[in-house]
Amino acid sequence: MPKQRVLFTASEVFPFAKSGGLADVAYSLPRALSSIYDVHVMLPLYQWIDREQFGIKALGEPFTVVMGGVKYLVEIFGCTYRGLEYRFVYTSLLCDRAFLYGTAESAYDDNALRFALFNRAIVSYVRQERYDIIHLNDWQSALIALWIYEDKTIETKTLYTIHNLAYQGIFDASVLQKIGIDDRYFTMDGLEFYGEVNFMKAGIAYADCITTVSPTYAKEILTPAFGCGLEGFLRYHHHKLVGIVNGIDTEHFSPLTDKALIAPYQDTTGKLTNKEAYLKEIGLEGKEKALFIFIARFTWQKGMDILIDALPKLASSECNIAILGEGEMKYHEPLKRLVAGYKNMHLTFGYDESLSHRMYAAADFLFMPSLFEPCGLNQMIAMQYGTIPLVHHTGGLADTVKDVNFFDETSEDGYGIVFSEPSRDAFIRAFVRALALYQDKTTYNEVIQHNMQCDFSWKESANAYHKLYQTMI
């Protein structure tokens with residue numbers, strides 16, 4: 001019997017396009033499901049994707065999508081990458097841009113039109129190619145749920161995953177006419193959101209099932225503190241909401257086989273070589289000092305204000321601190337000034353996948369003072385590399401990191417330094433606890449070794465999605 005077919009749609013997928021964790025999930029979850037289902041992954045064919053490198057070829061003839069009375073020429077491309085089938089939507093309006101969504105400071109003015117067209121093209125494609133499930137991700141593919149719901153000739157079921165409720169795809173109401181959505185959907189029960197259009201509401205309202213990326217976050221988003229204005233709407237649809245924690249690709253993130261590392265390793269003894277090499281690379285001294293790293297987008301969500309406020313106190317301690325990231329410009333100058341004032345801090349702007357791997361391998365601790373974190377992947381990657389996460393107790397961080405005060409070597413849980421209040425003082429107290437743990441080498445090494453043996457793969461999560469798919473089909 002042939003496998004049931006799943007189309008996984010996302011605006012970014014590693015290694016073709018990436019701005020954050022969605023790209024990693026859109027790469028690794030379909031791979032984990034591919035042993036059970038015939039999975040295809042679909043994304044835009046952005047202009048910077050190297051068609052020759054990945055062997056991307058046209059599939060069939062171009063076709064026309066009509067949206068708001070305007071005709072758009074669309075082409076579908078495909079390739080096989082590491083044994084998985086990928087499909088790409090190419091249309092000039094969507095793909096011929098320098099960035100995914102815009103610069104760090106401002107999104108493209110026509111993103112509503114761009115990603116509505118992406119969704120329309122996928123619905124047209126699905127009319128020709130039958131799938132049992134379409135797995136939608138974030139606001140950029142949420143409208144597919146509405147258009148599948150509206151088109152009674154398509155029997156495909158839709159599952160919509162919310163990766164981050166803070167990004168909902170909110171646009172001026174005038175876009176409805178441009179994207180060809182009838183005014184009857186512009187209601188509180190549909191896409192209307194305080195007089196504007198909210199793409200995410202389409203996924204919540206019209207998908208057959210909704211998931212988010214950790215059980216704790218699934219509960220948090222039903223409250224005013226985390227619901228971003230949609231808590232009431234989500235409570236109304238909570239009967240189809242499930243929280244499933246993300247995993248990581250443990251082949252890609254493996255200190256034993258990672259080609260980015262100066263010296264691959266499988267236990268605590270191998271980290272020192274990588275630490276020495278990285279400190280030399282960035283010009284910091286003191287391999288005996290605890291090395292703390294921060295790898296994230298520079299946004300308020302990631303706790304940037306807490307981090308910047310605390311850095312003078314942290315940097316005055318006997319440690320080294322290395323920061324990698326990019327994002328809102330308002331954080332760039334304060335970070336530059338702080339790093340310039342201390343010899344034990346280093347700052348790298350931008351994102352470099354290989355560099356991030358070397359940092360995980362070198363570090364003793366990872367900072368994650370996020371104000372909220374739907375799931376988070378960095379903490380699991382860090383533990384895989386023997387780096388202890390220092391995290392705020394929220395969302396997926398609460399589900400994946402237990403406090404070392406309750407360390408149990410027989411447990412299957414990962415452990416780190418956990419603080420409950422998202423404040424500068426609580427963060428500093430957690431940092432002091434981390435320094436104390438670093439001095440207790442016996443416990444420190446036991447925690448690292450334990451974390452490196454934990455299973456952070458997609459195995460359990462993929463099985464949870466499989467069970468969910470089966471309830472839908």
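This is a guided tour of a predicted model, moving through selected loops, helix pairs and empty spaces in turn.

**Stop one: a loop and a cavity beside it**

Begin by selecting F14 and P15, which are joined by a cis peptide bond with an omega of about 5°. P15 is found in the loop between β1 (5-9) and α1 (21-33). Keep F14 selected and add D24, Y27, S28, I248, D249, H252, F253 and L377, because together these residues line the largest cavity. The space in the largest cavity comes to about 60 Å³, and by class its lining has five nonpolar, two polar and two charged residues. How many cavities of 30 Å³ or more does the count come to? The count comes to one.

**Stop two: α4 against α5**

Next, select helix α4 (residues 111-128) together with helix α5 (residues 143-150), which pack at an angle of about 40° with their axes 9 Å apart. That angle makes α4 oblique to α5, and α4 passes α5 in a right-handed crossing. To look at the contact itself, show the side chains of A116, N119, R120, I122 and V123 in α4, which meet L143, I144, W147 and I148 in α5. Coloured by class, the residues of this contact of α4 with α5 divide into seven nonpolar, one polar and one charged.

**Stop three: a single residue in a loop**

Now move to Y194, which is found in the loop between β10 (192-193) and β11 (196-198). If your viewer reports backbone angles, look at phi here, since Y194 has a positive phi of about 50° although it is not a glycine.

**Stop four: α16 and its two partners**

Select helix α11 (residues 304-315) and then α16, whose axes come within 9 Å and cross at roughly 45°. That makes α11 oblique to α16, and the crossing of the two helices is right-handed. On the α11 side the contact is made by I306, L307, D309, A310, K313 and L314, and on the α16 side by R424, F427, I428 and F431. By class, this contact of α11 with α16 has seven nonpolar residues, no polar ones and three charged ones.

Keep α16 (residues 424-439) on display and add helix α17 (residues 441-453), because here the axes come within 5 Å and cross at roughly 100°. Are α16 and α17 roughly parallel or roughly perpendicular to each other? Angles of 65 to 115 degrees count as roughly perpendicular, and α16 and α17 are therefore roughly perpendicular to each other. The residues to show are L437, Y438 and Q439 of α16 with K441, T443 and Y444 of α17, which make the contact. These residues of the contact of α16 with α17 divide into three nonpolar, two polar and one charged.

**Last stop: the second largest pocket**

Finish by selecting V245, E412, D455, F456 and E460, which of the 19 residues lining the second largest pocket lie nearest its centre. About 440 Å³ of space lies in this pocket. Two elements give two or more residues to its lining, namely α15 (395-400) and α18 (459-472), and α18 gives the most, with three residues. Sorted by class, the lining of the second largest pocket has five nonpolar, seven polar and seven charged residues.

How values were computed:
Residues numbered from 1 in each chain as written. Predicted model: local features only at pLDDT ≥ 70, side-chain atom pairs only at ≥ 80, totals over all residues. Heavy atoms only, no water. Axes fitted to C-alpha atoms, helices over the stretch in contact; angles between N-to-C directions. Helix = DSSP H or I, 4+ residues; strand = E, 2+ residues; numbered from the N terminus. Parallel < 35°, antiparallel > 145°, perpendicular 65-115°, else oblique. Left-handed = near helix turned anticlockwise from the far one by under 90°. Contact = heavy atoms within 4.5 Å. Nonpolar A, V, L, I, M, F, W, Y, C, P; charged D, E, K, R; others polar. 1 Å grid on protein atoms, 1.4 Å probe; cavity = no way out; pocket = protein on both sides within 12 Å on 5 of 7 lines; lining within 4 Å. Points joined across faces, edges and corners; volume = space filled by probe spheres on them.
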